[in-house]
Each structure stands twice: as structure tokens, then as C-alpha cells.
Amino acid sequence: MSMRGFDVLVTERLPAATAQFAADVRAGLERAGQKELPSKYFYDAVGSALFEAISVMPEYGLTRADERVLREHAGEIARMAPTPLSVCELGSGSGKKTRWILEALYRGQNVSYYPIEISAAALASCERELSLVDGISVVGVEREYLDGLREVAARREEGAHLLVLFLGSTIGNFDSGADRRFLQSVRQTLIAGDWLLLGADLVKPLNQLLAAYDDPAGVTAAFNLNLLARINRELDADFHLRQFEHVARFNERTNSIEMHLLSKKAQTVTIGRAEFMAQFREGESIWTESSHKYSLAELKTLAIASGFDCQEQWIDQEWQFAESLFIAR
Ligand code: AVJ
């Protein structure tokens, strides 16, 4: 439904990123059946800060598990690593976890590190965090993952291998099948012998998962609701956040924890910059994220199916989490 008066005024002046955001929001809320919004839009400055808060919550052990495995095995990983080596990271976030690997890789020879991030705020804090590490030259790449990776691969030094870091179980946010297709695209930018270090959260008891994605303090709820606040801020919308409720559900069919925003009543929301009015029934939800939980065998199968061999897996026992080393075949 386009509102005639808007057309000429708005579309012409929107920056590309905002126009894409508006188009994605409209497509997701216009869908027949389950409405959805892409989880990548969680990470504006407020969202990135809320995720940093989530990662220190007692109920959400994922980030600490990832960091434990990296800290404990960084030396081993560095000793096995091919040289010369360039490192790039898909979704570096604050970069805190990456420090262990970079410090271990530095052996008197400069290591080039390319954090690839769509969140300018996160990229800036990552550069601040890691440019202090001896022997590490940080070159931030503010791009979508695959675009950034292609750019880094194109700059590869003669004879150098690439280590791609994809940590924090962001792989789990891809719908089933999409994770394999994504890793196949990653493989296509690499050469045989290159490395992919993949952090993935493992299946675990349901009550532990529900507490992690719906913590009693409401930090995850704020992270989820911030998506609507961002749409209000950047797309001139009028979501009333108190008329939506954060919900975390476990989908047994896909072995994923899903986050939704539930409409507490029938309501209409205008999204000015998307020239669109969204209708919500009472109890209708917007699906904002899936977080798939893997088994170790499933990760091995994923490696083979996307052109890699799974060389090694390091597992955190306290919070079932795996760091898997994939070698490009
Ligand atoms: C950073 C995407 C891995 O899916 O667990 C945290 C984001 N969502 N709490 C995840 C998130 C809800 C997180 N990832």
C-alpha cells in the first residue's frame, strides 16, 4: 500500500543503507504468514552495546565459552598455522576474543588483521582494542561479510595463507541450509590450505537456552525491542514498544532458539521512510532471530558439504560450545 503523498519526497533522498533498511523492513512486515525482520539490523550503536551487556549476563555463557576456548588453545592453533598468514574476521564485534589468537600468531613477524563489520561502532571499538597489540596491523573493512572477504582475498600477499575467523556462533543465525550455502561462498573466496576457524554453540538443555535468550533482567528483551526503536529512529516509524513483548521459543524441528516480538493488541504502525503501514493482529509476532544449536557431527558434515575438511574441534565443557578448524580442500 503506497501513500501517494510520500513517493517523490522520500525515496530520492534516502542514503543507500537506509533505503536498503527500509526495503528489508517493508519486505519482512509485508509477508503473508509469519512477519520477520533480519537480525543483522540489531547492531546499531545501541544494539551493539546491549549485546556487549548480554555477553556478560550469567545466563548467557556463549561469549565467555568462546573466549575460554580461544584463550586455552590459541598457542596450539598458532603453532599449527601456516606462514605467512593474514587474518580476517567476519563480524569482529568488539574484538576482545580475537586478541588471544592474534597475540599467539605474532612471532616477530607482523600479522595483518582485517576485521569485517557492518556496524561502524563495533568496528571502531575493535580497531581501538586491537591496534594496541604488538606486531598486529589492523585494517578495518566496513562491509557485508562476503563483500569484505572478497576484498581481503583480493589483497592477499604473494604466497600468504588466509585464516578466516567466524566466531561467536553467528553461523547459527543462518536458516538451515543457508549456513552451508554461506560457507560454500566463503570457500569460493579461498585457496586450498586456507583456514576457517568456526565458533558454534552446541545443543544444550532447554531451560538453559530459554534463560540465555530471555534473561530475567530483561537485557535480551531490550536488545530485541531496540530493533523497533531503531526503525522508529531511522525510518520515521511509530512503533509503540510497550505494545510489543519479547518472546524466546525453542523450535524442535530446526533445533533453534527463536526470538519474536509479540503484538499485545491489534494495531497499525506507519513506517514513513518505507512508505508503508503494517497491520498487526493481537498475539501476532515478528520473528527477529534464529540461533541454531549444532552437534559436533553436524559441524563435521557442514565442513565436508562446503569444501573443507574438519581438522580439529576444541570444546568448552562448562557451556557446550565448539571451535572447529576447517581447512580448505
Ligand atoms: C551474536 C548472533 C551469536 O545468536 O546467540 C544474543 C546474538 N541473540 N542473544 C546469538 C544474540 C540473543 C547471538 N549471536
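Colleague: In what order do the 7 strands of the open sheet run?
Modeller: This is a predicted model, with local features needing pLDDT of at least 70 and side-chain atom pairs 80 or more, while totals for chains, interfaces and linings use all residues. Residues count from 1 along each chain as its sequence is written, and side-chain values use heavy atoms, without hydrogens or water. Pairing (at least two DSSP bridges between strands) is mixed in this open sheet, and its 7 strands (DSSP E runs of at least two residues, numbered from the N terminus) go β4-β3-β2-β5-β6-β13-β12.

Colleague: Which strands stand at the edges, and why is one side of each left without a neighbour?
Modeller: Strand to strand, the twist averages 20° (lines fitted to C-alpha atoms, N-to-C, angles 0 to 180 degrees). Each edge strand has a single partner, so one side has no neighbour in the sheet; these are β4 (136-138) and β12 (308-316).

Colleague: What is the bridge partner of Ser86 in β5?
Modeller: β2 (residues 85-90) runs parallel to β5 (residues 161-166), the two pairing over 5 bridges. Across from Ser86, the partner in β5 is Leu162.

Colleague: What angle does α5 make with β2?
Modeller: Helix α5 (H or I, at least four residues) spans residues 98-105 and packs on the sheet. Its contacts (heavy atoms within 4.5 Å) include β2, β3 and β6. Its direction against that of β2 makes about 175°.

Colleague: At what angle do the axes of α7 and α8 cross?
Modeller: Tyr145, Leu146 and Leu149 of α7 meet Phe182, Ser185 and Val186 of α8. The axes of α7 (residues 145-154) and α8 (residues 178-188) come within 10 Å, crossing at roughly 15°.
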